[in-house]
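Subject: Handing over the structure

Hi,

Here's the structure I promised to pass on. Have a look at it first, and then my notes below should be easier to follow.

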Amino acid sequence: MSVAEHYQAVVIGSGQGGTPLCQALAKSGLRTALVERAHVGGTCVNEGCTPTKTMVASGRVAYLARRGADYGIGTGAITVDMARVRERKRDIVNKFRDGNQSRIEKTEGLDLLFGEASFTGPRSILVRLKDGSQRTLTADQFFINAGCRPSVPPLDGLQSVPYLDSTSVMELDAVPEHLLVIGGGYIGLEFGQLFRRLGSRVTVVQRGPQLFNGEDADVAAEVLKILQEDGIEVLLNTQAQRVAKEGPQIKLAVDSAGEATGETRTLAGTHLLVATGRVPNSDSLNIAAAAIAVDKRGFIQVNAKLETNVAGIYALGDIKGGPAFTHISYDDFRIIRTNLIEKGSASIEGRLVPYTVFIDPQLGRVGLSEAEARAQNRKIRVAKMPMYYVARAVEVDESRGFTKVVIDADTKQILGAAVLGIEGGEVMAMIQLAMMGKLPYTALYNGIFAHPNLSEALNNLFLPDNFIS
C-alpha cells in the first residue's frame, strides 16, 4: 500500500471547469493535484467542440463548393480527402490539448497526474497511474470534473455490430456510403449533416415526434425542412428494434409506430452512428466509498453552489447533470472560484443558458422557449421573422430559417430567443446581451445597427407585423 500524499485541493478531471480551476487553486497558494484519466482538455477539446466544429468547417467548404454555380463560380468536380479532414482535426486538437497541458505543467504548486482516480473515503482517493503504479492522495477538498461519455442503448444485436459513437465517427478515414444515425438530437444532426455534405447518404432515426426534443415545434419543423432539403432522410416516431451485420451491410430493423408491434421495416447502411445521449463517468470513481449522493442516472447531486452532500467535495461540469455545455462547465469554475478563492457568494440559480447547435444554418438559443413560457402561464408576446427578410442573408444566399423572440408583455423584456439562420449563434449572443442588461425589446427595435450586417435584423424583427402573438 502506497503512503498517502496530502494535498489541500485535488481536482479530478481536466475538463473546461477543472483545467482553469486547478490553476486558480494553485495560484491562490493551495498545494493542488490534477488527476486526468486520458488527455488534458476534457470532452470539449478532445472529443467534443473542437474536433466536431473543425470537421463541420470542412463539411461547409464542401457544401459551398458544390453550390459554386449559384454564385456564378465554376468549381468542377468536388472530391473529399477524408484522411486530410481527419488530419486537420487532429492537428487542431493537439494544438489546443498541448497548450492546456503546458500551462498546467508550468503552474507552480500544481501536480499533474495521469491515471484513474477512485475514492477510498471522503478525504482520500487511489490513483492508478498509466505506468501501472498506484498513489494514494488525501485532500482537504475534492473537485470532480470527470464528465460524461456516449451512452450505449439496450439495442438487440448492437454489441455484435461495429457501431460508431460521437468519438469514433471522427476517426473514419473514408466517407461512409450510407450512414445510419440513431438519435435526432444535436450530436446526431451535426454529424448527419456533416457526412451528407462530405458525400454520404444519411438516414436519421428519431424515436420522438420531432427533432431536438425540448425545442419549440416550429423550430424543430424548420430544422427538419432544412435537413430534408439537404437530402437527409429523417424518420420520426421511429424506434430502433434490432441491428445485425450482414456482409458489408448493417441492417437496422425499426418500428415506425414507435412501439414493438412486430411490424418493422429494415434499413440497410454501411455504417451506424449511435447518438442517443451521454452518461456520467461517476461509475468509475467509486463514489460510494465517499458516500457522495447521485441521482438515478448516476449524475452527482449538488446544490446551487456546486457542493455535494459531503462537506469539502464539489462537482462541476457535465457530471453533475443539467445543461451539458462547455461554457456552463467554465461558469461552474467561476462560481467555485468566486466562493472559495475570492470569498464571494455566487450560485447557479437564475443564470442564462445560451447554446448553439452547429448544424447549418446554426441554431442559437437562449432563455425560455415559447412553449416553456406558456407552460409557466406567462403573459407573453412572440415576434418571428424569416431569414429571407434579412438583407445580408439574401445577399450571401443563406436565407433559410427564422428568428423568434419571446417577450414579457408587461415589462417588454426579452425572455428567450431562437435564431435559426446564418451565424445564428452570434446573433443570439446579441439578444443575450440585451437580456443580461435587462433592456426592453424596444431598445433593439429603436437601435442603430450597421447596414447590411445580420444584426440589422434586430430592428425589423420587432416591427408590428412580425408579432405573431
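Let me start with a single residue: K412 is partly exposed, with a relative accessible area of 40%. That label applies because the value falls between the 20% limit for buried and the 50% limit for exposed. Please keep in mind throughout that this is a predicted model.

You'll find K412 in the loop that runs between β19 (402-408) and β20 (414-421). What caught my eye there is the backbone: K412 isn't a glycine, yet its phi is positive, at about 70 degrees. K438 also has a positive phi without being a glycine, in this case near 55 degrees. Look for K438 in the loop between α10 (424-436) and α11. With a relative accessibility of 58%, K438 counts as exposed, because the cut-off for that is over 50%.

Now the whole chain. The secondary structure comes to 12 helices and 20 strands. The radius of gyration is 24 Å and the globule rule gives 23 Å for 469 residues, so the chain is as compact as a globular protein of that length. If you want a feel for its dimensions, the C-alpha trace spans about 70 × 60 × 50 Å along the principal axes.

Of the 469 residues, 51% count as buried. About 21,000 Å² of the chain is exposed, and carbon and sulfur atoms supply 51% of that area. As for contacts, take those between residues at least 6 apart in sequence: 63% of them join residues at least 24 apart. On charges, I count 50 positive and 51 negative side chains, with the centres of the two sets 2 Å apart.

What about the inside? The largest nonpolar core has 35 residues, and the ones with the most contacts inside it are V169, L189, F191, F195, V223 and L273. Several elements each supply at least two of its residues, among them α4 (82-105), β7 (178-182), β8 (201-205) and α6 (217-229). Strands β16 and β20 are on that list as well. The largest share, 6 residues, comes from α5, the helix that covers 186-198.

F195 is a good residue to click on if you want to see how this core is put together. Not counting residues up to four places away in sequence, F195 touches M82, V169, L172, P176, L179, S200 and V202. There's also a second, separate core of 26 residues, which includes M387, I414, M435 and Y441.

Next, two peptide bonds to look at. The one from D360 to P361 is cis, with omega near 5 degrees. P361 sits in the loop between β16 (355-357) and β17 (362-367). The bond from H451 to P452 is cis too, this time with omega near 0 degrees. P452 belongs to the loop between α11 (441-445) and α12 (457-460).

S455 is in the loop between α11 and α12 as well. Is S455 buried or exposed? S455 counts as buried, because its relative accessibility is 10% and the limit is under 20%. Leaving out residues up to four places away in sequence, S455 touches M430 and F449.

Q301 is another loop residue, this time between β14 (278-280) and β15 (313-315). Q301 counts as partly exposed, at 42% relative accessibility. Setting aside neighbours within four places, Q301 is in contact with A293, V294 and D295, and also with E307, T308 and N309. Y314 is 13 residues from Q301 along the chain, and their C-alpha atoms are separated by 9.5 Å.

Last one: A83, in helix α4. A83 is partly exposed, at 34% relative accessibility. How far apart in space are A83 and V175? The distance between them is 9.4 Å, C-alpha to C-alpha, although 92 residues separate them in sequence.

If you'd like a route through it, I'd begin with F195 and its contacts, including V169 and V202, then go on to the cis bond between H451 and P452, and finish with the positive phi of K412.

Cheers

Methods:
Residues are numbered from 1 along each chain as its sequence is written. This is a predicted model: local features need pLDDT of at least 70, side-chain atom pairs count only at pLDDT 80 or more; totals for chains, interfaces and linings use all residues. Side-chain values use heavy atoms; hydrogens and water are left out. Helices (H or I, at least four residues) and strands (E, at least two) are DSSP runs, numbered from the N terminus. The radius of gyration is taken over C-alpha atoms; the globule rule is 2.2 Å times the number of residues to the power 0.38. Buried means under 20% relative accessible area, exposed over 50%, partly exposed in between (1.4 Å probe, protein chains only). Contact means heavy atoms within 4.5 Å. Accessible areas come from the Shrake-Rupley method with a 1.4 Å probe; for residues, only the protein chains shown count as cover. Lys and Arg count as positive and Asp and Glu as negative; His and the chain ends are not counted. The place of a charge is taken as NZ of Lys, CZ of Arg, CG of Asp or CD of Glu. A nonpolar core is a set of buried Ala, Val, Leu, Ile, Met, Phe, Trp, Tyr and Cys residues joined through side-chain atoms within 4.5 Å.
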